[in-house]
Amino acid sequence: MRVSWGLLAFPAAVSAIENGINGWLRYAPLPNDQRPPNLLLPGAIMALSTNKTSPVYTAGQELQAGIKSILNQTLPLYHEPDKWLGSTILVATTGQFHGVKPAATLADDGYLLRVRPGNVVILGQTERGALYGAFDYLSRIAQGRFSDADLIANPDAPIRWVNQWDNMDGSIERGYAGASIFFRNNTIPKDLNRVSQYARLLASIGINGIVVNNVNANANLLTDANIDGLGRIADAMRPYGVQIGISLNFVSPQTLGGLLTFDPLDQSVISWWTDKTNCLYRRIPDMAGYLVKANSEGQAGPLTYNRTLADGANLFAKAVQPHGGIVMFRAFVYDNHINPADLKADRAKHAVEFFKGLDGQFLDNVVVQIKYGPIDFQVREPASPLFANIPQTNTAIELQITQEYLGQQSHLVYIAPLWKTILDFDLRADDQPSLVRDVVAGRRFSNKRGGYAGVVNVGTNTTWLGSHLAMSNLYAYGRLAWDPNQDPQALLEDWTRLTFGSDPLVLGVVTEISMASWPAYENYTGNLGIQTLTDILYTHYGPNPASQDNNGWGQWTRADHDGIGMDRTVSTGTGFSGQYPAEVAEKFESIETTPDDLLLWFHHVNYTHVLKSGKSVIQHFYDAHYAGAETAQTFPIAWESLRNKIDTERFNDVLFRLRYQAGHSIVWRDSICQFYYNLSGIPDGTGRVGRHEYRIEAETMALKNYKLTGVNPVETASNLTAVVLVSNHTSGEATTKLNFDSGKYDVAINYFDLIGGKAHYKAFLNGKLLLKWAGDLEDKLGHTFSTKLDGHSATRVTIRDIQIQKGDVLKITGVAEGNELAPLDYIAVLPQGVVD
Ligand code: GCV
């Protein structure tokens with residue numbers, strides 16, 4: 001039987017509720033006009049495995065379900081070759097099927113995809129390679145971008161893992177999408193359906209390993225009951241070819257095992273870990289291995305016993321070696337109590353200082369996992385110099401999909417372009433091309449293992465990451481780990497077609513706002529390499545530049561009245577630039593050759609220093625913040641043009657978030673500009689900073705039951721002051737006369753939304769209700785909320801297109817609830833097109 005696509009006719013609309021659960025694997029029915037007219041589907045699917053836990057078996061099921069959903073065509077599925085002799089979509093491993101010879105060598109997990117009219121061959125070098133090929137085939141059909149194909153796809157690196165920072169109590173460190181799908185109440189839940197669904201998404205982008213628990217690990221993971229639970233997780237993921245690994249707590253032999261020591265060279269400790277490892281492998285024979293964070297952020301490790309980090313890593317490497325496992329040993333080793341008064345001290349130097357001397361001492365199943373930059377997932381960092389300093393060691397790059405420092409999924413930030421700047425960075429080791437992506441693939445220094453670890457932190461929220469648009473980051477991460485040569489925009493477009501369909505308007509808007517999002521976020525947070533400027537001592541979310549300095553965490557900016565930036569040069573600074581190979585070191589050593597976007601990472605300069613752009617540093621700060629916030633205002637407007645082009649659930653959800661982001665970008669803009677204006681005393685050349693002609697500060701309004709309050713940091717309130725109700729059992733009013741020319745305005749109301757209460761507000765114009773709302777963002781957004789009035793809780797609602805006559809009276813009423821005293825900052829009465 002042969003079916004021509006041209007004969008099929010199905011409805012274009014997606015009927016199921018679009019809650020995000022299928023991510024980019026929605027397999028929406030393909031509209032008729034997007035079907036290649038003369039393409040022939042084979043008559044059946046032949047997936048050559050009868051083993052239900054085999055990815056080849058899974059591939060057959062996926063193909064059957066996918067084709068049914070996209071094309072409304074049910075193809076019979078067979079697993080034994082003698083059951084069907086007609087034309088097929090054949091899925092198998094190269095070991096099983098010899099009828100088609102790959103034109104080039106297939107690497108581990110690679111696949112061949114050969115598509116001919118009425119005949120499709122998908123061959124994996126491994127079983128999961130076959131599944132990857134099936135997903136590729138389906139992705140082409142789902143995007144309606146289908147033609148005959150004859151391709152070999154090989155992964156660039158063998159390690160393509162994700163890390164979850166899930167705690168055993170069910171919480172997730174830096175997770176913004178609900179509770180853990182892996183753990184609940186210190187155990188592994190019975191229902192692991194979401195775990196299987198997650199494995200399916202991961203497999204579809206070529207991910208082959210997952211570390212399921214937080215690097216800040218709990219020793220109780222290793223009890224017998226939990227090992228069995230881990231076994232069930234592995235069972236749930238195995239059909240998708242995703243192997244599980246676990247994070248270890250170095251101290252476990254003492255805390256869980258009752259030994260007197262956890263010294264990695266002590267025989268009792270070695271035996272304890274060997275036994276535990278054997279026990280784990282008995283239950284999970286294909287366990288991928290271990291991930292270890294040691295001697296970092298207060299955790300103990302081998303250094304506690306004056307052993308080396310290599311001693312620590314090798315302890316585990318020996319234990320997993322007989323089972324074929326590997327150890328990912330994190331390079332995020334640093335002292336978080338360094339002295340800010342010491343101008344030579346520099347946290348950015350620590351990784352190289354700890355690891356360089358150990359090169360060659362790690363066993364060959366150890367992979368050193370290195371965060372992309374020397375500090376911690378900031379909005380811009382140079383590539384970590386460690387990639388060039390340990391050539392005899394396997395390395396992997398650690399990227400962060402969960403947006404810890406990048407708006408925590410409440411801001412749209414498409415991160416792939418940032419990752420690409422790092423992967424494409426040429427470290428020039430020995431004056432030879434040394435791209436980071438070639439180092440981690442093992443190519444540059446001839447290492448056997450290496451690759452990618454992405455911190456994802458999906459949760460129980462049906463959107464996985466807490467926001468529909470944030471899923472482009474997970475998709476792009478997997479695709480880049482498979483092939484880092486790919487263009488982030490092309491990946492984004494694939495994701496968009498799969499997630500929202502191929503309407504050119506939808507594709508255009510999602511591409512436009514996503515591609516603009518990282519530059520905008522950098523603009524309205526931290527510029528010129530100064531880091532994100534978020535509150536590093538609290539939630540890592542809203543603005544608080546002062547929190548960077550004068551503490552032991554070493555994320556310093558060294559901002560004072562005259563200047564800003566870390567002098568990391570060899571000649572006068574911390575010497576960090578000297579950790580790069582000579583050519584790169586020389587470039588960063590000099591202000592002239594350091595690119596503007598990393599200037600303040602490497603140099604301390606006066607605010608009046610003139611950049612290559614011709615602007616002073618301080619004017620660049622001001623201008624960039626205004627430009628970034630202005631770009632963010634365009635996101636919801638662009639999205640609104642998609643009304644009726646996207647299902648209502650996702651349209652409304654995304655619109656709500658983009659509107660929130662637009663408001664919060666103004667909080668960022670004003671806080672950072674005000675902070676550096678207060679510090680430097682240098683006014684904005686264009687007069688915007690501190691001057692808000694369309695605002696009415698709440699403290700200047702007629703107040704009933706409201707009182708003035710300070711906020712901390714002060715610059716997170718307009719005019720440095722806000723108002724709150726006099727007690728938490730009351731209601732109050734703030735009233736003002738509007739002395740603006742009569743006309744149409746948008747009225748923005750800035751207030752603070754805390755955790756610990758849901759105040760109720762109403763806004764009236766001449767006694768007529770304009771809007772009522774509650775301080776309940778904590779129920780709608782996933783970022784870390786604050787208990788205080790600050791840059792995390794500061795937010796705005798906007799009432800659009802209000803006709804105002806000069807002399808009209810605007811009144812806001814607030815009713816306290818819990819700890820939320822209906823705080824108000826200001827209102828802005830904005831003529832059309834004005835952003836403030
Ligand atoms: C899991 C930063 C984060 C921590 C994280 C740590 C790490 O400090 O804020 O939440 O801990 O990095 O990567 O180990």
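This tour moves through a predicted model, going from the ligand to three helix pairs and then to two points in the backbone.

**The ligand**

Begin by selecting the ligand together with its surroundings, where 14 residues are found around the ligand, the closest being Glu173, Lys293, Glu297, Lys371 and Glu404. With the side chains shown, look first at Glu173, which places a polar side-chain atom 2.5 Å from an oxygen atom of the ligand. Turn next to Lys371, where an N or O atom of the side chain is 2.6 Å from an oxygen atom of the ligand. Then select Asn216, which has a polar side-chain atom lying 3.2 Å from an oxygen atom of the ligand.

**Helix 3 and helix 4**

Now leave the ligand and select residues 193-204, which form helix 3, along with residues 224-237, which form helix 4; the axes of these two helices come within 8 Å and cross at roughly 45°. Because of that angle, helix 3 counts as oblique to helix 4, and the crossing of the two is right-handed. To see where helix 3 and helix 4 touch, display Val195, Ser196, Tyr198, Ala199 and Leu202 on helix 3, and Ile233, Ala236 and Met237 on helix 4. If you colour this contact between helix 3 and helix 4 by residue class, you will find seven nonpolar residues, one polar residue and no charged ones.

**Helix 12 and helix 13**

Continue along the chain to helix 12, at residues 488-500, and helix 13, at residues 504-524, which pack with their axes 10 Å apart and at an angle of about 135°. This angle makes helix 12 oblique to helix 13, and helix 12 passes helix 13 in a right-handed crossing. From helix 12, the residues to show are Gln489, Leu492, Glu493, Trp495, Thr496, Arg497 and Phe500, and these meet Val506, Leu507, Val510, Thr511, Ser514 and Met515 of helix 13. Which classes of residue make up the contact of helix 12 with helix 13? There are seven nonpolar residues, four polar and two charged.

**Helix 13 and helix 17**

Keep helix 13 selected and add helix 17, at residues 648-680, since the axes of helix 13 and helix 17 come within 10 Å and cross at roughly 25°. An angle under 35 degrees counts as roughly parallel, and helix 13 and helix 17 are therefore roughly parallel to each other. Here Ile513, Tyr521 and Tyr524 of helix 13 make the contact with Leu658, Gln661, Ser665, Trp668, Arg669 and Ile672 of helix 17. By class, the contact of helix 13 with helix 17 contains six nonpolar residues, two polar and one charged.

**Two points in the backbone**

For the last stops, it helps to recall that most residues other than glycine have a negative phi, and that most peptide bonds are trans. Select Leu528, which is in the loop between helix 13 and strand 17 (563-564), and check its phi, which is near 60°, a positive value in a residue other than glycine. Finally, go to Pro713, in the loop between strand 21 (706-709) and strand 22 (722-725), where a cis peptide bond joins Asn712 and Pro713, with omega about 0°.

Notes. Residues numbered from 1 in each chain as written. Predicted model: local features only at pLDDT ≥ 70, side-chain atom pairs only at ≥ 80, totals over all residues. Heavy atoms only, no water. Axes fitted to C-alpha atoms, helices over the stretch in contact; angles between N-to-C directions. Helix = DSSP H or I, 4+ residues; strand = E, 2+ residues; numbered from the N terminus. Parallel < 35°, antiparallel > 145°, perpendicular 65-115°, else oblique. Left-handed = near helix turned anticlockwise from the far one by under 90°. Contact = heavy atoms within 4.5 Å. Nonpolar A, V, L, I, M, F, W, Y, C, P; charged D, E, K, R; others polar. Near = heavy atom within 4 Å. Polar contact = N/O pair within 3.5 Å; in protein donor to acceptor, adjacent residues only side chain to side chain.
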